[in-house]
Amino acid sequence: MSPEASPEPLGLALLGCGLMGGRHAEVLARLEGAGFRCAFDTDRARLGEVCRRFGCRAARSAEEAVADPSVGAVLVAAPSFLHAPMALLAAREGKHVLLEKPLANDAASGQEVIARCAEAGVRLSVVSQKRFDPGALQLKAALDAGLLGRVFLAEVSINYYRDENYFRQAPWRASRAESGGGVLMNQGIHYTDLLLWYLGPVAEVRGAVSTVREGYQEEDVAAALLELECGALATLTASTVTYPGFPETLALYGSEGTCAIAEGKGVLRWEHRGKAPLPEPPAGPAPPEGLPPKLHSMYRNHRDFLGAIREGRDPLVRPEEALAVVALIEKLYVDARAR
Ligand SMILES: NC(=O)c1ccc[n+]([C@@H]2O[C@H](COP(=O)([O-])OP(=O)(O)OC[C@H]3O[C@@H](n4cnc5c(N)ncnc54)[C@H](O)[C@@H]3O)[C@@H](O)[C@H]2O)c1
């Protein structure tokens with residue numbers, strides 16, 4: 001059953017109403033079958049703004065929002081160090097939970113979250129909206145159809161620019177304890193997730209990191225060499241100091257052809273020896289009228305999560321996959337710091 005066909009909205013609580021919380025609220029308020037019930041943020045002004053704009057109730061605490069009997073699922077868009085404790089809270093209350101990335105700031109906490117959610121019988125997923133970009137879905141369909149043949153090389157480039165304001169506005173973003181790391185854990189995670197989604201687990205990782213921005217404690221430049229279990233090699237570079245910032249790109253080279261995608265630009269290159277056309281993105285309902293295009297992939301991500309709950313199936317972003325990305329980044333940090 002599609003979320004739209006359900007007679008009763010699920011009931012959603014939003015924890016965290018900052019940059020991403022505001023975007024999630026915009027999607028939830030328009031997503032049929034969701035039912036945006038309540039929100040909580042320790043910042044009363046932000047909380048008030050979201051509740052006013054989207055007509056939901058302002059809860060007095062995260063506990064109270066999650067315990068609300070009209071709430072069936074919780075969306076966590078609070079700073080990353082709160083993902084694991086908030087997910088455990090949702091599991092204790094028997095509520096499904098969709099976490100902003102990362103699943104947790106470290107793999108051990110992520111494992112605990114997965115175990116507790118499984119015990120409680122609640123669905124767990126992690127936002128990875130870039131998987132739902134049309135170009136990313138087309139590349140996945142090409143791989144699933146075997147069109148690239150044996151993929152032997154991947155290149156991932158995540159070269160952002162973040163100015164001082166980005167860290168000043170939300171100091172948790174510059175704190176290892178609160179954000180789990182630097183560019184890899186915070187920005188690099190999306191296209192790293194795409195790489196693993198496309199090619200599967202990583203066998204070996206070698207990495208180096210450096211810090212360019214003055215006064216910043218974490219890595220803002222990273223480079224890695226990965227050996228995947230499928231036999232492919234991959235390079236990955238990530239940065240938040242590459243002025244003026246560039247769209248993330250991912251290229252896969254296989255025995256039968258090449259495909260490169262870029263964030264916001266779709267498929268940059270499709271070259272196939274046999275001249276096979278690139279598969280079309282999967283058909284789905286049009287996003288609701290008035291939803292800004294930059295939120296369309298997020299809409300598809302949320303719709304998939306609701307569908308997983310309604311239909312009793314896995315979400316597209318399985319928690320074990322979200323854990324594998326955190327574990328890979330953790331391994332990369334260990335390797336880089338050992339140098
Ligand atoms: N999917 C994406 O593309 C994407 C992009 C940016 C950030 N993120 C993730 O989203 C999360 C939030 O990032 P952001 O940039 O929106 O941060 P932000 O600082 O703009 O917003 C976080 C909000 O959480 C609130 N908060 C703090 N403690 C809280 C608590 N105990 N209970 C409830 N609310 C609390 C803060 O007051 C703030 O309003 C992070 O985990 C980040 O990694 C995802």
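**A hairpin, a ligand shell and a helix pair**

In this predicted model, strand 12 (residues 257-262) runs antiparallel to strand 13 (residues 266-272), and the two are joined by 6 bridges. One of the pairings puts Thr258 opposite Glu271 in strand 13. Between the strands of this hairpin sit 3 residues, and Gly264 shows up there with a positive phi near 80°. As for side chains, those of a regular strand alternate between the two faces of the sheet.

Next comes the ligand. Its surroundings add up to 24 residues, with Gly16, Gly18, Leu19, Met20 and Ala170 coming nearest. Helix 1 (residues 19-28) is the top contributor to this shell, supplying 3 residues. Sorted by character, the shell around the ligand holds 12 nonpolar residues, alongside 7 polar and 5 charged ones.

Then there is the packing of helix 9 (residues 183-199) on helix 11 (residues 319-337): the axes lie 9 Å apart and make an angle of about 120°. That angle falls outside the 65 to 115 degrees counted as roughly perpendicular and is not over 145, so helix 9 and helix 11 end up oblique to each other. Their crossing is right-handed. On the helix 9 side, the contact is made by Leu184, Met185, Ile189, Thr192, Asp193, Leu196 and Trp197, while helix 11 brings Glu321, Ala324, Val325, Leu328, Ile329 and Leu332. The residues of this contact split into 10 nonpolar, 1 polar and 2 charged.

Conventions: Residues are numbered from 1 along each chain as its sequence is written. This is a predicted model: local features need pLDDT of at least 70, side-chain atom pairs count only at pLDDT 80 or more; totals for chains, interfaces and linings use all residues. Two strands pair if DSSP finds at least two bridges between them. Helices (H or I, at least four residues) and strands (E, at least two) are DSSP runs, numbered from the N terminus. A residue is near a molecule or strand if its C-beta atom, placed from the backbone, lies within 6 Å of it. Ala, Val, Leu, Ile, Met, Phe, Trp, Tyr, Cys and Pro count as nonpolar, Asp, Glu, Lys and Arg as charged, and the others, Gly among them, as polar. Axes are lines fitted to C-alpha atoms, for helices over the stretch in contact, and angles run from 0 to 180 degrees between N-to-C directions. Angles under 35 degrees count as roughly parallel, over 145 as roughly antiparallel, 65 to 115 as roughly perpendicular and the rest as oblique. A crossing is left-handed if the near helix is turned anticlockwise from the far one by less than a right angle, and right-handed if clockwise. Two residues are in contact if their C-beta atoms, placed from the backbone, lie within 7 Å.
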